[in-house]
Amino acid sequence: MDYDVIVAGVGVAGAFTLMNLPRDVNAAGIDKRHVLGYPVECGEIVPSKKEMKILLPDLNDHSIFEIPEEFAVNRTRRFVFVLPDGREIEVDFDMLVLNRDTMIQKIAERSGHELILGKRFDYDDCIVVDGKKLSSRVIVASDGANSVIRRKMGIGGFEVSPAKQYVMDGFEGDEKAIYMYVGKRISAGGYAWIIPKGNGIANVGVGFRQEYAEKGDNIHKALDRFVKSWIHSSEMLRNATIRGKIGAVVPVDLPMKKTVYRNVVFVGDSASMVISHVGAGIPTSMVAGKIAGKVISGYLSGENGIDEYDRLWREVLLKPMENGYFVKRMWDEMAVRDERILRYFRLVTEKDMSAILRARLPLKVRIARAFMPVLNMFF
Ligand SMILES: Cc1cc2nc3c(=O)[nH]c(=O)nc-3n(C[C@H](O)[C@H](O)[C@H](O)COP(=O)(O)OP(=O)(O)OC[C@H]3O[C@@H](n4cnc5c(N)ncnc54)[C@H](O)[C@@H]3O)c2cc1C
């Protein structure tokens, strides 16, 4: 046996799995990137520990969200949610903006486990690197939304949304706010964001689902419009320059129904472990990675079965994921026209938004969902 555990893909999920595997376990993390987490394909926000207690009330120990200062470059205090006509809904919300690549690298390095970087793996009933089959008792499939392991095992996929992001220098808005924008012209079927990292640097991006777009439009045009001419955002970016560009996909679906197949354990985006209405997968990947590490370690020493992982992550993460998906499905119906978004949002107060962003479902939202088939005829 080459290894006890191979962690295939070292993003957030892989790094937190490695960190929670004891050092005497013979484990290796493999990633195609030479520098883990880089380039950063992420907005890099994580709710503070205080907020995570509200978001994940069934988690016993929230200490994983005591993010060290070395990884957090900014702390924001509110969301400003901007509707297509410019109306703003402001919600107090405590968030940390990370240097996500630094966090992944340091967490993986400090795990003490072997890291094999700059190597693309394949899967053929085991992990294959440079044509060589590597044997292991357990494989952690933490290889992201486009998981090659999932595909090669013939496991069905899930809905993803394309996203494109610029890192910009010269942002001139409020660095204590995270801006979220909706509207067909800039973020068809999704939302656009400005996430300040401090000192004028900001992650500026759009989620964009082609089926919601106007004919001839695309994600590239939408992001440029958002940056250069969208009346509600471009003012704050008029002197900003683009420092980096990325394109990636984010799962916007429920998590997979089963996440352990024989000796393969799916963690993070590979299993669609996201809070889909906001596209948040960092905190869920951190928690799932921790649970995976602990369960696998118990499995190797004969204390528990490996299937225990499937039960334990669901206990703490499934409810907020389901609530997020409930809102996302409502959003799918609203986002077809800006007029419809505006009509629905006449009913939404700051208090409602505060709950929705925290993956809670106020009674009003549940009632609206039930009446949507009728409301849609008028909206
Ligand atoms: C534009 C964008 C913005 C986002 N913003 C936020 C945000 O602000 N907050 C938030 O919570 N979530 C956000 N998300 C979601 C979040 O980034 C992910 O849910 C989270 O990072 C998932 O981590 P992961 O480790 O599962 O996957 P990944 O981070 O994708 O890691 C997978 C790793 O596997 C490696 N890999 C894949 N295939 C192979 C292979 N064949 N061989 C070798 N290596 C391989 C990759 O190189 C990568 O390092 C965003 C997503 C996108 C796309």
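The following conversation goes through the ligand shell, the helix contacts and the sheets of a predicted model.

User: What kind of model is this, predicted or experimental?
Analyst: It is a predicted model.

User: Let us start with the ligand. Which residues come nearest to the ligand?
Analyst: Gly9, Gly11, Gly43, Gly268 and Gly281 come nearest, out of the 36 residues around the ligand.

User: And which helices and strands supply at least two residues of that shell?
Analyst: Two helices do so, helix 1 (12-19) and helix 7 (282-300). Strand 2 (27-31), strand 3 (45-47), strand 11 (160-169) and strand 15 (241-251) each supply at least two residues as well.

User: How does the shell around the ligand divide by class?
Analyst: The shell has 16 nonpolar residues, twelve polar ones and eight charged ones.

User: Helix 1 has come up, so what about its packing? At what angle do helix 1 and helix 7 cross?
Analyst: Their axes cross at roughly 30 degrees and come within 7 Å. The crossing of helix 1 and helix 7 is right-handed.

User: Which residues make that contact?
Analyst: Helix 1 contributes Val12, Ala13, Ala15, Phe16, Thr17 and Met19. From helix 7 come Ile282, Ser285, Met286, Ala288, Gly289, Lys290, Ala292 and Gly293. By class, the contact of helix 1 with helix 7 has nine nonpolar, four polar and one charged residues.

User: How do helix 1 and helix 3 cross, left-handed or right-handed?
Analyst: The crossing of helix 1 and helix 3 is left-handed. The axes of helix 1 and helix 3 (residues 100-110) come within 8 Å and cross at roughly 25 degrees. Helix 1 and helix 3 are therefore roughly parallel to each other.

User: Which residues are involved there?
Analyst: On helix 1 they are Val12, Ala15, Phe16, Leu18 and Met19, and on helix 3 they are Ile104, Ile107 and Ala108. In the contact of helix 1 with helix 3, eight residues are nonpolar, with no polar and no charged ones.

User: Back to helix 7. At what angle does helix 7 pack with helix 8?
Analyst: Helix 7 and helix 8 (residues 308-334) pack at about 150 degrees, and their axes are 10 Å apart. Helix 7 passes helix 8 in a right-handed crossing. Thr284, Val287, Ala288, Ile291, Ala292 and Val295 of helix 7 meet Glu308, Tyr309, Leu312, Trp313, Val316 and Leu317 of helix 8. The contact of helix 7 with helix 8 includes ten nonpolar residues, one polar and one charged.

User: On to the sheets. What is the order of the open sheet of eight strands?
Analyst: The order is 3-5-4-12-13-14-11-15, with mixed pairing. Strand 3 and strand 15 are the edge strands, each pairing on one side only. Ignoring direction, neighbouring strands of this sheet are turned by 30 degrees against each other on average.

User: Strand 4 sits inside that order. In what sense does strand 4 pair with strand 5, parallel or antiparallel?
Analyst: Strand 4 (residues 72-82) and strand 5 (residues 88-98) pair in the antiparallel sense over nine bridges. Arginine 75 stands opposite leucine 96 in strand 5. The two strands form a hairpin with five residues between them, and glycine 86 in the turn has a positive phi of about 95 degrees.

User: And in what sense does strand 4 pair with strand 12?
Analyst: Strand 4 and strand 12 (residues 177-181) pair in the parallel sense over five bridges. Valine 82 stands opposite tyrosine 181 in strand 12.

User: How many bridges join strand 13 and strand 14?
Analyst: Strand 13 (residues 192-198) and strand 14 (residues 201-207) pair over six bridges in the antiparallel sense. Isoleucine 194 has valine 204 of strand 14 as its bridge partner.

User: What is the order of the open sheet of six strands?
Analyst: That sheet has the order 6-2-1-10-17-16, again listed with mixed pairing. Its edge strands are strand 6 (114-117) and strand 16 (260-261). Strand 16 and strand 17 (residues 264-266) pair in the antiparallel sense over two bridges.

User: One last topic, the backbone. Which peptide bond is cis?
Analyst: The bond from tyrosine 38 to proline 39 is cis, with omega near 0 degrees. Proline 39 lies in the loop between strand 2 and strand 3. Aspartate 125, although not a glycine, has a positive phi of about 65 degrees. Aspartate 125 is in the loop between strand 7 (121-123) and strand 8 (127-129).

How values were computed. Residues are numbered from 1 along each chain as its sequence is written. This is a predicted model: local features need pLDDT of at least 70, side-chain atom pairs count only at pLDDT 80 or more; totals for chains, interfaces and linings use all residues. A residue is near a molecule or strand if its C-beta atom, placed from the backbone, lies within 6 Å of it. Helices (H or I, at least four residues) and strands (E, at least two) are DSSP runs, numbered from the N terminus. Ala, Val, Leu, Ile, Met, Phe, Trp, Tyr, Cys and Pro count as nonpolar, Asp, Glu, Lys and Arg as charged, and the others, Gly among them, as polar. Axes are lines fitted to C-alpha atoms, for helices over the stretch in contact, and angles run from 0 to 180 degrees between N-to-C directions. Angles under 35 degrees count as roughly parallel, over 145 as roughly antiparallel, 65 to 115 as roughly perpendicular and the rest as oblique. A crossing is left-handed if the near helix is turned anticlockwise from the far one by less than a right angle, and right-handed if clockwise. Two residues are in contact if their C-beta atoms, placed from the backbone, lie within 7 Å. Two strands pair if DSSP finds at least two bridges between them.
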